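Visitor: Could you put the model up, please, and then walk me through it?
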Amino acid sequence: MTAAVAPTLTKALLADTTTVRLRPRYEGSNICTWIGFKHVNYLVEEAVLIHFAHCGVPARLLYEEYGLGLDIVGLDSRILHAFHMDDEAEAEVVPDTSADDGTLGFRVTIRVDRDDSTLKAVTSKVRVSLRTDTYLDPPVEAPAELAPFTVGRLGGHEGAAEAAGACVAADAVLAAGGDEAAVLAALTEGRNAYAWKWNITYPYCHFTERLQMSGYLRLMEEAKDRFVLDRGISIKTLLDDRKWIPVVPHSVIRVVDEALMEEDLYTVYTVEEIFKDFTYTSRMDCYVIRDGKLTLTATGRIVHGYAVIENRRDWHLVPFDQRVLSALGGKSAAPGKPGGS
């Protein structure tokens, strides 16, 4: 028999707007008092989780009672104004799910007060899947009203074809028994890219077994850090030389398959475009090895620029100089080495 959920709860989840006050975590203030893009996305995630709770289906209940893991599988966020330590923001979550959608959709807007006015600081589009728990017995049948958004496996390989080209050479290396260095070299060959292998640790996972969206956000942040270090313009180098800091106006991540605890994850960070010497767009692709081939588990893009620190409170955007342009557009001497954050 299919488990029942009160219709009003599902109706609220798909129709009601939730507004909540939030504060960014102290951990996210890494340079002066500004909050990094990862922790801004954490605010988006928290707002969506609170929406589920306010609508009577919190993540804990979904898992413990119905065997459903709440997984954010799509995150597309634009940062319009910087967050600072101790800011208190208002997040509005508006459901955005069509009748034929296989995932739950939400639009999140975060506003912050500045100088007696309220600014729209963040806009984000979020997609959520409810993943059936198969790790623990007995399995539980999903409530009928949530069944359209319930999956047995995350992603369904959506978007896998987009990154398939990067796998061809690497798959050939794997088939020939190539080692880690050879696979990394194949993944970056002919690309303005950096790659490394990392064994997925449990702090990046949830629901006992799989890498979660916040883990991919951490990897995207680390990918940028590794790339610029490899190119001779590390975060600390530009801070010490000219007080430049990276800024992120836009980031996107999609989960297209599952990556499991203690699997080896190959992450490739590729600079795709430099726009008018002010921003550059990079792509992140994450793979695991299954049946002797690379399988894409997540893909995303991030837009970066640089700002100069004026004082402890203020900064402003600056154009790239030739040193930075050469580093962003050049080639690294060697593929990345294994490691993790």
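Visitor: How much of the contact network joins residues 24 or more positions apart?
Guide: In the protein chain, such pairs account for 72% of the contacts with a separation of 6 or more, where a contact means heavy atoms within 4.5 Å. Please keep in mind that this is a predicted model, in which local features need pLDDT of at least 70, side-chain atom pairs count only at pLDDT 80 or more, and totals for chains, interfaces and linings use all residues. Residues are numbered from 1 along each chain as its sequence is written, and side-chain values use heavy atoms, with hydrogens and water left out.
Visitor: And what share of the residues counts as buried?
Guide: Of the 341 residues, 50% are buried, which is to say under 20% relative accessible area, with exposed meaning over 50% and partly exposed lying in between (1.4 Å probe, protein chains only).
Visitor: Switching to cysteines, how many disulfides are there?
Guide: The count comes to 0 disulfides, a disulfide being a pair of cysteine sulfur atoms within 2.5 Å.
Visitor: Why is there no bond for cysteine 205?
Guide: Because the closest cysteine sulfur, in cysteine 286, is 13 Å from the sulfur of cysteine 205, which is too far for a bond.
Visitor: Is cysteine 205 buried or exposed?
Guide: Cysteine 205 counts as buried because its relative accessibility is 10%, whereas cysteine 32, at 34%, counts as partly exposed.
Visitor: Last topic, what are the dimensions of the box around the chain?
Guide: Taken along the principal axes, the box filled by the C-alpha atoms is roughly 65 × 65 × 30 Å.
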